[in-house]
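Student: Got a minute to go through the salt bridges in this one with me? Let's pull it up first.
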Amino acid sequence: MKELAGRLTALDPDAGAAVRVIAYFDRLAEARAGVEALVRGAAVLAGVPARLVDAERRVRVRVEPDGTRRDAGLPPDPAWPTAALTPGGEPAMWLERTGAAPSVVDAVILERAAGVVRLVLDRTRGRAPLDDPALVETVLDATVAEPARLHAARRLGLDPAVPARALAAQQGPPRVVAGSREAGPYAGRTGVGPAVPVLDLPRSWAAARTALRFAADGTAHDPGPRVVYADELGGLALLADLVVPGAEPPADVRAVEAAAADAPWMLATLHAVTATTSLRAAAVEAGVHHSTLQDRLIHAEHLLGWPTRTPQGRLRLHLALTLRRLARG
């Protein structure tokens, strides 16, 4: 390889430098170098700072061209040369080169460094949670032995010392995320389990599935929160054990369904009454004038058979709407 690089340099300096870059990262890969060593190699070869950001696996490394690690809080400049860890993926490695067009050598450094970094991260920190549904299923299954669940958690990039949450979605496979409430965007109805130690994730998964039953589509036909956190349900979670999905709904739920069939605005209006602290706030939530809301509630009370503007009536209405979601088949 050294002889080939010398010959190519005589013909094309960039080609010779590219071959030397490839050989350098091949040697690091054979030596099973770590992530920081790979980023350091990119910085030294390029003569500018290099950085790696893999948000899903919580990896952030920045190295100066003299080999000193010095992480920075500022986001990468879109003008810097960059490369993804996977084909078509998000940018993850940068060379902090400004004021000059990216060179062929820069492109080779980024491509080779990113490729080896990907292999190291897959080997040492596992893949991001949604990459392997079988591993997610393993950590959520209480019947699987603890050592196997811990192994699966590590392959998913989960730190056994950091709490995690299980997510149950109406559409899509189960997910496991770090214990923070910020779990990224949700698609459709989602139940979020409590943050627990990794070995307790089966309990979080059971709670997430219960929370999912309380979630709504957020539409006029099914108003309500699309994302429900299990640890915010409190005693309401007990209702899930009392209502069998698909069974004959309670009388109050049947009354709500009958009222909903009478007017397209009915369910959104009733939800607004239960989800706000006053009738004026409910009118704002429903997007109508306060007097219009009053007229609607008079009509709704006639159909339901109970008042909706008293504390007891609002509680009954809240329970009826909640039971309506739980009774879905």
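Tutor: Sure. One cut-off before we start: buried means under 20% relative accessible area, exposed means over 50%, and partly exposed is in between. Also keep in mind that this is a predicted model.

Student: OK. So is Glu257 buried, exposed or partly exposed?
Tutor: Glu257 has a relative accessible area of 35%, so by those cut-offs it counts as partly exposed.

Student: And which side chain does Glu257 meet in a salt bridge?
Tutor: That would be Arg324, at 2.9 Å from N to O. The two come from distant parts of the chain: Arg324 sits in helix α12 (residues 311-326) and Glu257 in helix α8, 67 residues apart. Arg324 has 10% relative accessibility, so that end is buried.

Student: How many salt bridges turn up in the whole structure?
Tutor: The search finds 18.

Student: Let's try another. What does Asp26 pair with?
Tutor: Arg112, with the closest N and O atoms 2.3 Å apart. This pair links distant parts of the chain too: Asp26 is in helix α2 (residues 13-30), Arg112 is in helix α4 (residues 104-124), and their positions lie 86 residues apart in the numbering.

Student: Buried or exposed, that Asp26?
Tutor: Neither, really: Asp26 is partly exposed at 26% relative accessible area. Arg112 is partly exposed as well, at 22%.

Student: Now Arg165. Where's its partner, Asp231?
Tutor: Arg165 and Asp231 form a salt bridge with their closest N and O atoms 3.4 Å apart. Asp231 is in the loop between β8 (227-229) and α8 (251-262), while Arg165 is in strand β5 (residues 164-169), so the bridge ties together parts that are 66 residues apart in sequence. Arg165 is buried, at 7%, whereas Asp231 is partly exposed, at 43%.

Student: Which residues get joined into a network by shared partners?
Tutor: Arg51, Arg62, Glu64, Arg70 and Glu96 are joined into one network that way.

Student: Switching topic: how do β1 and β2 run?
Tutor: They run antiparallel, with five bridges joining β1 (residues 50-54) to β2. One pairing to look at is Val53, whose bridge partner in β2 is Arg60.

Student: What's in the turn of that hairpin?
Tutor: There are four residues between β1 and β2, and Arg58 in the turn has a positive phi of about 55 degrees.

Student: And why is β2 called largely enclosed?
Tutor: Because four of the five residues of β2 (residues 59-63) are buried, so the rest of the structure largely encloses that strand.

How values were computed: Residues numbered from 1 in each chain as written. Predicted model: local features only at pLDDT ≥ 70, side-chain atom pairs only at ≥ 80, totals over all residues. Heavy atoms only, no water. Salt bridge = Lys/Arg side-chain N within 4 Å of Asp/Glu carboxyl O. Buried < 20%, exposed > 50% of the residue type's maximum accessible area, 1.4 Å probe, protein only. Pairing = 2+ DSSP bridges.
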